[in-house]
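Here is a set of questions and answers on a two-chain model. Please look at the sequence and the coordinates before reading on.

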Amino acid sequence: MNAPTTWRPRLAEGTAPVLAVLAVLLVALAFAGPAYSEPTGYLALLKRAAPLVLLAIGQYFVIVSGGFDLSVGSLVTAEVVIAARLIEGDDANTAWVIALLLGFGLLVGLVNGLVTTKLLVPSFIVTLGMLLILDGAVFLWTGGAPRGALSPSFRVFGRGGVDLPVVGHLPWSVVILLAVLVAAVLFMRGGTGRTLVAVGDNENSVRLAGGRVDRLKVLAFALSGVLAALAAILLGGFAGVSAQVGEGLEFRAITAVVLGGVLLGGGRGSVVAAAAGALTLEALFSLLNLLGVSGALESAVQGVIIIAAVAYAALGANPRLRLRPRAGTPEPAAR
Amino acid sequence: MTVDGDVVVRLTGITKSFLGVPVLRGVDLELRAGEVHALMGENGAGKSTLLKVLAGVHRPDSGRIEVEGEPVVFATPRDAQEAGIAIIHQEFNLLEHRTVAENVHLGREPVRRGQVDRRKMEADTKSLLDWLGEEGIDPAETVTRLSVAQKQVVEIVKALSTDARVLAMDEPTAALADHEVELLYDLVDRLRARGIAILYVSHRMREVFDLSKRITVLKDGAFVTCALTRELTSDQLVRHMVGRSLDALYPDRASADDLGDVRLALRGAGNGRVRGITFEVRAGEIVGIAGLQGSGRSAIARAIWGVEPFTAGTVEVDGVERRITDPRAAVRLGIGYVTEDRKGEGLALRQSIRDNALLVRRAALTGGAGRRKSDLGELLKSVAVVARGEHQEVRYLSGGNQQKVVLAKWLAVGPRVLVVDEPTRGIDVGAKQAVHRLLRDLARNGVAILMISSELPELIGMSDRILVVHEGAIAGELPAGTGEEAVMGLATGHTRGEVA
């Protein structure tokens with residue numbers, strides 16, 4: 001290299017805008033609502049956002065390696081319904097059911113990944129199929145109304161917290177979220193994580209460099225599945241049991257990831273930005289709520305965001321593209 | 001009709017800057033009817049920017065453009081097209097599933113009674129093809145069914161159908177197979193004879209000397225010289241382009257002392273595309289593989305790498321028989337492969353220099369991630385990558401620097417055998433020399449190198465011995481410093497050689 005490398009904080013391309021938007025929203029929240037005049041308000045926001053952030057982190061792994069995971073919303077619903085049915089409100093069942101839920105998430109992820117890589121079905125289709133299968137299975141099993149109940153010790157992850165010195169009371173969901181985020185960052189900095197991004201960019205080059213492309217892709221889906229299970233455990237505790245608990249979460253997670261500047265189709269983006277995207281989305285909904293905007297508008301807002309974020313990624317970052325005259329401009333040549 | 005030798009287009013004092021960086025600084029260019037004018041220069045010398053100015057894509061900051069003596073301003077590519085200037089790009093802009101005639105008339109279809117007049121379209125195309133002496137192409141044929149060379153003819157006919165008088169051809173032989181290059185020569189000759197002014201942009205020295213009457217050389221965006229081709233030697237031309245002479249182009253070959261143990265040995269190896277391949281490569285030597293395109297020379301390399309494995313015979317690495325069934329197996333045995341398809345197979349373009357250079361280490365070798373952080377810098381320095389820093393995305397690098405990153409990727413795992421396929425394709429003269437020197441240094445440090453190149457001077461200049469492949473088999477082996485004729489003789493099946 002000919003240039004001396006001076007150290008400065010490095011943000012992956014596309015990270016800066018979402019952090020800026022997030023900062024603006026957090027400040028705006030303080031002005032909009034009295035709840036945000038002290039840290040607990042933000043802690044509550046973080047707690048609310050935790051499941052979506054976990055889903056966004058999982059979705060990030062899949063998107064950055066070149067795929068989509070549309071099955072996570074239905075997976076969350078299925079997990080919660082299964083949990084209620086198997087626990088039957090008995091604390092003695094909590095531990096093994098949690099293990100089973102994580103295992104089921106892993107299994108669904110593995111199936112998504114294996115069908116995508118071995119049967120060569122595009123992940124968009126595989127996970128859409130999985131969405132429908134899980135939806136149908138849940139409906140068949142519950143007949144529309146889930147049975148059973150979660151136990152108090154299960155719900156503690158979504159509702160309860162831990163008292164720590166210095167920081168005070170921390171919700172469990174925030175602790176879990178931070179632990180997952182740190183693990184995800186470390187993973188993405190390591191060789192396997194970097195190779196995963198390279199798979200999304202050019203899987204040929206990875207395969208021909210001796211990499212195991214299929215294995216990496218399956219890993220991404222498996223992580224997404226496990227994180228969906230984790231999100232379901234938090235959501236179940238937080239929001240309770242219903243057959244609609246996970247509805248639409250897959251698109252919300254994709255929106256969050258795209259808002260974080262992660263390139264659809266893979267190859268670029270940071271996991272921190274994806275997580276920040278999820279937090280931004282949640283903060284935005286909270287703000288709209290405080291401003292009295294109808295909750296019914298949420299999905300419309302989400303739709304605008306996803307289109308705008310992708311358009312920004314395609315055009316905004318590259319001023320040359322905007323300035324370049326298009327062929328056929330009706331401007332006569334001066335002769 | 002212009003008289004032979006009339007100046008059709010004249011550019012004077014063209015300057016152009018992007019974001020304050022001057023890319024062209026006062027370039028002159030004169031294109032005459034019936035003349036082939038070569039434009040040469042290293043990558044980054046400003047050739048493509050000049051082409052884009054000529055095509056009306058970029059508007060120059062200053063300078064004059066004259067068409068037949070009249071000053072003009074090209075505001076859009078369409079203006080340039082209407083002034084009779086057409087650019088034939090390296091990548092063709094053809095609709096593969098439409099016919100030749102439909103492509104030629106795309107967007108300007110003749111209409112009769114509200115319907116596209118297919119008969120007139122085909123007749124017009126036919127007469128242009130005849131005029132060019134390309135009677136072999138049927139105007140009603142679908143473009144997908146044409147060869148690459150024929151598609152190029154269609155592009156040219158498309159340009160001619162808009163009454164182009166100036167054809168600028170950007171690396172026209174880059175996509176062509178060796179035998180098709182001859183056809184292109186004929187075609188250029190016929191275009192010239194019919195009074196078309198041709199601007200021929202190419203890296204390939206020999207083509208330029210064979211075809212052009214005049215050569216304009218650019219260096220760092222500045223005009224260096226415009227001279228008659230017959231008054232230039234290739235040595236002078238290289239000096240104009242880089243300020244170095246041709247003598248220094250290739251590093252010294254290996255001496256007998258440099259050679260070590262046999263690193264790679266193939267015995268009777270074959271698959272669907274090649275058969276009976278037997279040779280050895282020793283530590284410290286560079287063995288060249290010559291052959292026409294499609295002769296199987298790349299198939300041998302890809303079989304060694306495990307992409308399309310051998311199904312017959314044996315492969316020994318360091319004296320041990322191995323079955324290499326996928327690239328991972330090859331990589332883990334210490335075999336590196338610099339692919340000819342740099343962008344498709346060699347690099348992940350949106351990843352950083354660092355991530356690409358570490359790709360093999362991370363992807364194929366377990367437990368190697370991020371290990372010994374410091375030596376990556378050393379490695380990039382040793383291959384002399386010029387970049388803003390190791391976090392720059394490789395797509396922003398020039399072809400030469402990209403190729404150095406590909407090499408670094410393999411050097412990062414310390415290969416014992418390195419197979420290089422067209423290692424200098426599409427990179428400029430300066431980077432080419434750097435790659436050559438690097439390969440020789442590697443050999444000196446005990447790597448066994450197998451080198452494939454369709455550029456014969458390079459292959460002959462670099463190799464310690466040359467294997468010539470013809471129709472899927474080794475036709476013969478030639479010693480260092482063989483003449484091009486001997487290689488071509490074997491490669492075309494003209495002569496039979498002794499198989500080592």
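Short questions follow, each with a reasoned answer.

This is a predicted model, in which local features need pLDDT of at least 70 and side-chain atom pairs count only at pLDDT 80 or more, while totals for chains, interfaces and linings use all residues. Residues are numbered from 1 along each chain as its sequence is written, and chains are lettered from A and ligands numbered from 1 in the order in which they are written.

Q: Which radius of gyration does chain B have, and why does it agree with a compact globule?
A: The radius is taken over C-alpha atoms, and the globule rule is 2.2 Å times the number of residues to the power 0.38. The C-alpha trace of chain B spans about 70 × 50 × 45 Å along its principal axes. With 500 residues, a compact globule would come near 23 Å, so chain B agrees at 25 Å.

Q: What share of chain B is buried?
A: A residue is buried if 20 or more other C-beta atoms lie within 10 Å of its own, exposed if 12 or fewer, and partly exposed in between, with C-beta atoms placed from the backbone. Chain B has 500 residues, and the buried share is 46%.

Q: Which element gives the most to the side of domain 1 of chain B that touches domain 2 of chain B?
A: An automatic or database assignment sets the domain bounds: domain 1 of chain B covers 7-245, and domain 2 covers 250-347 + 415-491. Their centres, over C-alpha atoms, are 35 Å apart. Contact means C-beta atoms, placed from the backbone, within 7 Å, and 7 residues of domain 1 of chain B contact 8 residues of domain 2 of chain B. With 3 residues, the top contributor on the domain 1 side is helix α8 (residues 234-242) of chain B.

Q: Which helix supplies the largest share of the largest nonpolar core?
A: A nonpolar core is a set of buried Ala, Val, Leu, Ile, Met, Phe, Trp, Tyr and Cys residues joined through C-beta atoms within 7 Å. The largest has 179 residues, and those with the most contacts inside it include A:Val53 and B:Ile449. Helices (H or I, at least four residues) and strands (E, at least two) are DSSP runs numbered from the N terminus. The largest share, 18 residues, comes from helix α10 (residues 213-239) of chain A.

Q: Is B:Ile289 buried or exposed?
A: B:Ile289 sits in strand β15 (residues 286-291) of chain B. Leaving out residues up to four places away in sequence, B:Ile289 touches seven-strong company that includes B:Arg297, B:Leu450 and B:Val469. Because 24 C-beta neighbours lie inside 10 Å, B:Ile289 counts as buried.Q: Is A:Leu120 buried or exposed?
A: A:Leu120 lies in the loop between α4 (94-118) and α5 (123-142) of chain A. Its phi is positive, about 55°, although A:Leu120 is not a glycine. With 7 other C-beta atoms within 10 Å, A:Leu120 is exposed.

Q: Where does B:Glu471 lie, and how does its neighbour number class it?
A: B:Glu471 lies in the loop between β21 (465-470) and β22 (473-479) of chain B. Phi of B:Glu471 is positive, near 50°, in a residue other than glycine. With 14 C-beta neighbours inside 10 Å, B:Glu471 counts as partly exposed.

Definitions and conventions:
Contact = placed C-beta atoms within 7 Å.
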